[in-house]
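Subject: The structure I promised you

Hi there,

Here is the structure I said I would pass on, with some notes on what turned up in it. Have a look at it before you read further.

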Amino acid sequence: MKTSVMWFRNDLRVLDNPAFFESVENSDQVIPLYIIDANLTQGKNSSSNRNKFLLESLLDLDKSLRDLGGKLIIKSGNIEDIFKELDKQFNVDAVYISEDYTQFSLKRDEFAKSLFKKLNIKFRSFPGRLTVNNLDEIKTGSESVYKVYTPFYNNWVNVKRRDISLIPTQIQTPNINNDEINIHLDQNSISPNLQIGGEANALIRLNEFIENDLKNYSENHDNLFGNKTSKLSAYLHFGCISPLYIESLLDESEASQSFRRQLCWRDFYNYILKFYPDSNKEFQHKYIKLPWKYDEDLINAWKMGMTGYPIVDAGMRELKETGWMHNRARLIVGSFLTKDLFIDWRVGESYFMKMLVDGDKSNNNGNWQWIASVGVDPAPVWRRFLNPDSQQEKFDPDAKYIKKFVPELNDVPIDYISNPGNMTLEQQEKYNCIIGVDYPKRIVDHSKARKITLDIFSEINKMS
Ligand SMILES: Cc1cc2nc3c(=O)[nH]c(=O)nc-3n(C[C@H](O)[C@H](O)[C@H](O)COP(=O)(O)OP(=O)(O)OC[C@H]3O[C@@H](n4cnc5c(N)ncnc54)[C@H](O)[C@@H]3O)c2cc1C
């Protein structure tokens, strides 16, 4: 009897999962395996929000597999011991995986490949994590790697797509006992209004988005209030939904094109990480010299949403409360941390990684470097130096987003909402918001900070 292992990692779905489909097609029985890796669930980049979402996604995957006649086998511990044991019991023919591109995954797969070679097990890898199959195909005319998004997109959009992979009709799984599921969940740091994981929920969310909000996506996706974006990022991170499947439902309308461009950003940052894995350093090397600050009081005020800039505070509190933050708010708080406070972007990257349910090495690192003006897709620093007041006027003009997440500003009139500190003491009393008591004074002056930061960048540009 030919036995294969389908080793699920960040591809926790049955629909359009080519590795899973092929494992079933090419074997008499399949062991659908998930290995709980303590490096991910307890390591320095782990997150209770993501662990909870992962757990829900595993339970949902198990349900789907049971509907097909199988079940998910969950093991904890060392990859080598787990595969040696399975091979001893079942004489495994092949292990199927979906390719992944972080350094962590690439190293893990190199290790697995050499282990399987020793055990005489075939290693079969398939696309499925990204919208396109093969990042290596996307090269400039001179065969080098793209560093700017738009030309990458122009090439990416024309890459031939594979067919969507169907759900197998039935699977046969041998009877194996599961290890106890041991995923660290720190109840104190789980956001109270977190999205729920799993493929079933991903598909529901996708349908809702397509029915209600896709048609106006280009006009609305920057509006901070009203949930006008897809909110599929965590499902995409864990592979509960396939980006290619999402793309297959888009048409050629402007709204669909605009949404397709977002999916492309995801492929772009995976591409950058694959070809430039040294992601802990500024991609533009001249900026390694930037004299970042590490002021704990400022960092804490930012993390807690207590900066005195309501639009920044609303974003940071959305993150704490829901484990997710609107992209526009991520840009605003990212610019604020790195440009207004001049704090090292890695501080922001690491806090986001701890909190975000969609926290994803490539997307997070790529975006932090982008908004700090030190990464790929370069632009002059002033272009990505966002003014919190004008961002609020543009993207939260009636302050509904602010008032949802910063309730102490509920009674403050719109004219004072971007800077409640401009109210007289009498007004502060009238509108139930005493500055320094109910809501903090601004921790930095935007125009002064802007001048200082632009000068520092300009000095470094002159030297290089
Ligand atoms: C500082 C900063 C940090 C970020 N960290 C992450 C992260 O850890 N994980 C993450 O998935 N996204 C990250 N993003 C990108 C973006 O904010 C989220 O993908 C988006 O807000 C998710 O919401 P959505 O699914 O409703 O997006 P939609 O607008 O509906 O977009 C659809 C999908 O496209 C992809 N996408 C959209 N914008 C981007 C982008 N700028 N970069 C890469 N992919 C994108 C996402 O997979 C998203 O789910 C970050 C952005 C910034 C500015």
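A quick word on naming: helices and strands here are DSSP runs, with at least four residues for a helix and at least two for a strand, numbered from the N terminus. With that in hand, a first residue to find is phenylalanine 342, which sits in the loop between H14 and helix H15 (345–355). Please also keep in mind that this is a predicted model.

Phenylalanine 342 is worth a look for its backbone. Most residues other than glycine have a negative phi. Phenylalanine 342 is not a glycine, yet its phi is positive, at about 55 degrees. With 18 other C-beta atoms within 10 Å, phenylalanine 342 counts as partly exposed. Alanine 399 also has a positive phi, near 60 degrees, and is likewise a residue other than glycine. You will find alanine 399 in the loop between helix H17 (388–395) and helix H18 (400–405). Is alanine 399 buried or exposed? It is buried, because 24 other C-beta atoms lie within 10 Å and the cut-off for buried is 20 or more.

Now for the overall picture. The protein has 20 helices and five strands. Its radius of gyration is 24 Å, close to the 23 Å that the globule rule gives for 464 residues, so the protein is as compact as a globular protein of that length. The C-alpha trace spans about 80 × 50 × 45 Å along the principal axes. Of the 464 residues, 42% count as buried. Among contacts with a separation of 6 or more, 77% are between residues 24 or more positions apart.

The largest nonpolar core holds 105 residues, and the ones that touch the most other members are Val5, Met6, Trp7, Leu33, Tyr235, Ile332 and Ile402. Helix H11 (residues 254–275) gives the most to this core, with eight residues. As for tryptophan 7, its contacts beyond four places in sequence are Leu33, Val95, Tyr96 and Ile97.

The domain assignment splits the protein into domain 1 (3–127), domain 2 (130–163 + 198–275) and domain 3 (285–463). The centres of domain 1 and domain 2, taken over C-alpha atoms, are 25 Å apart. Their contact takes 18 residues from domain 1 and 19 residues from domain 2. On the domain 1 side, helix H3 (residues 48–67) supplies the largest share, seven residues. That side of domain 1 divides into eight nonpolar, five polar and five charged residues.

There is a ligand too. Which residues come nearest to it? Of the 27 residues around the ligand, they are Thr229, Ser230, Ser233, Asn364 and Asn367. The shell is made up of ten nonpolar, twelve polar and five charged residues. Domain 2 and domain 3 each give at least three residues to the shell. Helix H9 (233–238), H11, helix H14 (327–340) and helix H16 (361–371) each supply at least two.

A few single residues are good places to zoom in:

- Serine 242 lies in the loop between H9 and helix H10 (243–248). It is buried, with 27 other C-beta atoms within 10 Å. Leaving out residues up to four places away in sequence, serine 242 touches Arg13, Leu15, Asp16 and Gly128. Glycine 128 is 114 residues from serine 242 in sequence, but their C-alpha atoms are 6.6 Å apart.
- Proline 310 belongs to helix H13 (residues 310–322). It counts as buried, with 28 C-beta neighbours inside 10 Å. Beyond four places in sequence, the contacts of proline 310 are Gln392, Ile402, Val406, Leu409, Ile417, Ser418 and Pro420. From proline 310 to asparagine 364 the C-alpha distance is 23 Å, with their positions 54 residues apart in sequence.
- Asparagine 154 is part of helix H6 (residues 149–156). Asparagine 154 counts as exposed, because it has 11 C-beta neighbours inside 10 Å and the cut-off for exposed is 12 or fewer. Its C-alpha atom is 17 Å from that of leucine 250, 96 residues apart along the chain.

Enjoy exploring it!

Best wishes

Definitions and conventions. Residues numbered from 1 in each chain as written. Predicted model: local features only at pLDDT ≥ 70, side-chain atom pairs only at ≥ 80, totals over all residues. Rg over C-alpha atoms; globule rule 2.2 N^0.38 Å. Contact = placed C-beta atoms within 7 Å. Core = buried A, V, L, I, M, F, W, Y, C linked by C-beta atoms within 7 Å. Near = placed C-beta within 6 Å. Nonpolar A, V, L, I, M, F, W, Y, C, P; charged D, E, K, R; others polar. Domains from an automatic or database assignment.
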